[in-house]
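This briefing introduces selected features of one structure to a reader who has not met it before. Please view the sequence and the structure first, then read the notes that follow.

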Amino acid sequence: MSDRIPATTDKKPSPQADIVNIHTLSVLVNNQPGVLGRICAVFSRRGFNIESLVVSQTRDPRFSRMTIGISGHPEGLHQIIMQVNKLIDVIHGIEHNDRDAVAKELVLIKVAAGPEQRTEILQIVEHYNGKTVDLQEDSLIAMISGNTDKLDAAVRLLSKFEIVETVRTGKVVMARGLETT
């Protein structure tokens, strides 16, 4: 039995009228144990789902930056941001959009690829400014970075081949200009 996940599925997610978009939040926190759990609990209590989460230490090791992609009832977004900002270890948390910030993510895609398919796969990867980071006799791993739509399109095109596995980072965000993220 193979542990490979099918590249496509016939089952489509059901539309949810009350969930509009994924909102991207940036939260600067004290770099302390338990902070992530407390922030996640706020989202859970309010019925928001965390779609992506990227956490890393800032240049100052006392602080970490969390970039959180959430979905839920849009009318509760302002209130949840205020609640997150009230937590003791939170320095500040704000929502970002395409106008005020640059958002990028990265995907690693492992594709089963024999010699007869490799050229076409590499052309697709190159089209999306990707890079091959591992090449074996029967597979390759490509790395592609950019906005969510770009990554979705690359995965969609590569899905005509056997995608063995994908791993995505989730968004990282930085405020435009001299604004603090």
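**Briefing on selected residues**

Val-42 lies in helix α1, which covers residues 35-45. The model described here is a predicted one. The points below take up this helix residue and then two patches on the surface.

**Val-42 and its surroundings**

- Val-42 counts as buried because its relative accessibility is 2%, and the limit for a buried residue is under 20%.
- When neighbours within four places in sequence are left aside, Val-42 is in contact with Ile-80, Gln-83, Val-84 and Leu-87.
- One of these contacts, Ile-80, stands 38 residues from Val-42 in sequence, while the C-alpha atoms of Val-42 and Ile-80 are 7.4 Å apart in space.

**Nonpolar surface patch**

- Leu-36, Leu-53 and Val-55 make a nonpolar surface patch of about 210 Å².
- Within this patch, Val-55 belongs to strand β2, formed by residues 49-57.
- Val-55 has a relative accessibility of 42% and therefore counts as partly exposed, as the partly exposed class lies between the buried limit of under 20% and the exposed limit of over 50%.

**Negative surface patch**

- Glu-95, Asp-98, Asp-100, Asp-149 and Glu-179 form a negative surface patch.
- Glu-95, one of the residues in this patch, is located in strand β4, which spans residues 90-96.
- With 33% relative accessibility, Glu-95 is classed as partly exposed.

Technical notes: Residues numbered from 1 in each chain as written. Predicted model: local features only at pLDDT ≥ 70, side-chain atom pairs only at ≥ 80, totals over all residues. Heavy atoms only, no water. Patch = residues over 30% accessible without salt bridge, like charges linked within 9 Å, V, L, I, M, F, W, Y side chains within 5 Å. Areas by Shrake-Rupley, 256 points an atom, 1.4 Å probe, with all protein chains shown as cover. Salt bridge = Lys/Arg side-chain N within 4 Å of Asp/Glu carboxyl O. Lys, Arg positive; Asp, Glu negative; His and termini not counted. Charge placed at Lys NZ, Arg CZ, Asp CG, Glu CD. Helix = DSSP H or I, 4+ residues; strand = E, 2+ residues; numbered from the N terminus. Buried < 20%, exposed > 50% of the residue type's maximum accessible area, 1.4 Å probe, protein only. Contact = heavy atoms within 4.5 Å.
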